[in-house]
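Trainee: Could you go through this structure with me? I would like to learn how the labels are earned.

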Amino acid sequence: MSATGQARQLMPADILARKGGAPIVCLTAYTTPMAAMMDAHVDLVLVGDSVGMVLHGLPSTVGVTMDMMILHGQAVARGLKQALMVIDMPFGSYEESPEQAFRNAARLMRETGAGAVKLEGGQHMAETIAFLVKRGIPVMAHVGLTPQSVNTLGGYKVQGRGADGERLMADAKAVAAAGAFSVVLEKVPQGLADRVTAEVAIPTVGIGASAGCDGQVLVVDDMLGLFTAFKPKFVKRFGTLGEQAEAAIAAYAAEVRARTFPAPEHVFADEVKK
Ligand code: KIV
């Protein structure tokens with residue numbers, strides 16, 4: 001039994017059953033050690049396509065490929081015993097048709113061991129979500145700011161303000177009706193996020209939304225202070241690991257240049273003492 005009281009790996013149905021209950025704790029992970037570190041503390045680990053920006057230096061998530069997701073998904077799976085692993089479908093792997101989405105979702109689950117996939121989009125993706133769910137693929141939906149559409153959205157702007165709120169509400173209802181087991185609400189106004197949470201039957205997982213959502217997700221490198229290129233308003237840094245890492249690297253460089261590293265305790269004698 002772990003810190004979160006689970007004896008087995010969580011399944012999408014367990015997350016669905018948490019609607020209106022104890023908050024669902026989610027983080028992204030891309031590597032085995034990070035996944036292992038968070039496994040006992042979170043309910044859901046997302047192998048996010050944010051990996052492209054966070055670890056690979058891409059300017060957006062648009063350049064992320066199936067092969068990248070599979071490599072990182074396999075690494076994360078090796079670190080998890082308890083949390084549900086959800087893997088992002090990358091841009092271009094599901095939008096064309098429900099059949100294309102099924103082929104790529106099945107490959108992601110088969111080759112990584114993920115328990116579910118996540119894809120971006122509301123009403124226009126409802127048919128695809130229903131197609132996947134009917135064929136055994138649990139889907140986490142993602143509405144509001146959908147970063148894969150940054151080029152048509154015109155930037156990473158708050159979504160659903162004013163009259164646009166009704167469209168966002170319709171998106172959340174459509175993915176729930178299609179059978180998604182939860183929905184990420186990204187960068188939507190607090191009052192709207194609370195209304196969606198109250199009116200939609202599946203758990204809402206907020207990022208830049210509201211503390212009233214059924215759960216929260218953050219990019220792990222953001223909340224640890226490891227990714228420092230920029231900080232969205234909705235990120236709280238719970239650590240400053242980036243600063244600590246740079247200070248440690250600078251200390252190492254200084255000791256190498258001063259020939260104080262390696263010290264006697266780090267080197268090997270020519271003869272082994274008898
Ligand atoms: O890719 C990602 O990390 C995400 C989360 C921010 C929800 O989609």
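Mentor: Let's begin with the fold: this predicted model has eleven helices and eight strands. Its C-alpha atoms fill a box of roughly 75 × 35 × 35 Å along the principal axes.

Trainee: What share of the 274 residues is buried?

Mentor: Buried residues make up 51% of them. To earn that label, a residue needs a relative accessible area under 20%.

Trainee: Then why is Lys187 called partly exposed?

Mentor: Its relative accessible area is 21%. Buried means under 20% and exposed means over 50%, so a value of 21% falls in between, and Lys187 is partly exposed.

Trainee: And what makes Arg259 exposed?

Mentor: Arg259 has a relative accessible area of 76%. The cut-off for exposed is over 50%, therefore Arg259 counts as exposed.

Trainee: Where do Lys187 and Arg259 lie?

Mentor: Lys187 is in the loop between strand 6 (182–186) and helix 9 (190–199), while Arg259 is in the segment after helix 11.

Trainee: What is notable about the backbone at Lys187 and Arg259?

Mentor: Lys187, which is not a glycine, has a positive phi, near 50 degrees. Arg259 is not a glycine either, and its phi is positive at about 55 degrees. Most residues other than glycine have a negative phi, which is why such values get a mention.

Trainee: How do you know that the peptide bond from Phe261 to Pro262 is cis?

Mentor: Look at omega for that bond: the angle is near 0 degrees, and the bond is cis. Most peptide bonds are trans. Pro262 is found in the segment after helix 11 (241–257).

Trainee: Now the ligand. What makes the pair formed with Asp49 a polar contact?

Mentor: A polar side-chain atom of Asp49 lies 2.9 Å from an oxygen atom of the ligand. The limit for a pair of N or O atoms is within 3.5 Å, so this pair qualifies. Ser50 passes too, with a side-chain N or O atom 2.5 Å from a ligand oxygen, and so does Asp88, at 3.1 Å. The protein covers 94% of the 260 Å² of accessible area that the ligand has on its own.

Trainee: Which residues are around the ligand?

Mentor: Among them are Thr28, Leu46, Gly48, Lys118, His142 and Ile207. The shell has four nonpolar, four polar and three charged residues.

Trainee: Why does Gly48 not count as nonpolar?

Mentor: Glycine is placed in the polar class by the rule used here, so Gly48 counts as polar.

Conventions:
Residues are numbered from 1 along each chain as its sequence is written. This is a predicted model: local features need pLDDT of at least 70, side-chain atom pairs count only at pLDDT 80 or more; totals for chains, interfaces and linings use all residues. Side-chain values use heavy atoms; hydrogens and water are left out. Helices (H or I, at least four residues) and strands (E, at least two) are DSSP runs, numbered from the N terminus. Buried means under 20% relative accessible area, exposed over 50%, partly exposed in between (1.4 Å probe, protein chains only). A residue is near a molecule or strand if one of its heavy atoms lies within 4 Å of it. A polar contact is a pair of N or O atoms within 3.5 Å; within protein, one must be able to donate a hydrogen and the other to accept it, and residues adjacent in sequence count only if both atoms are side-chain atoms. Accessible areas come from the Shrake-Rupley method with a 1.4 Å probe; for residues, only the protein chains shown count as cover.
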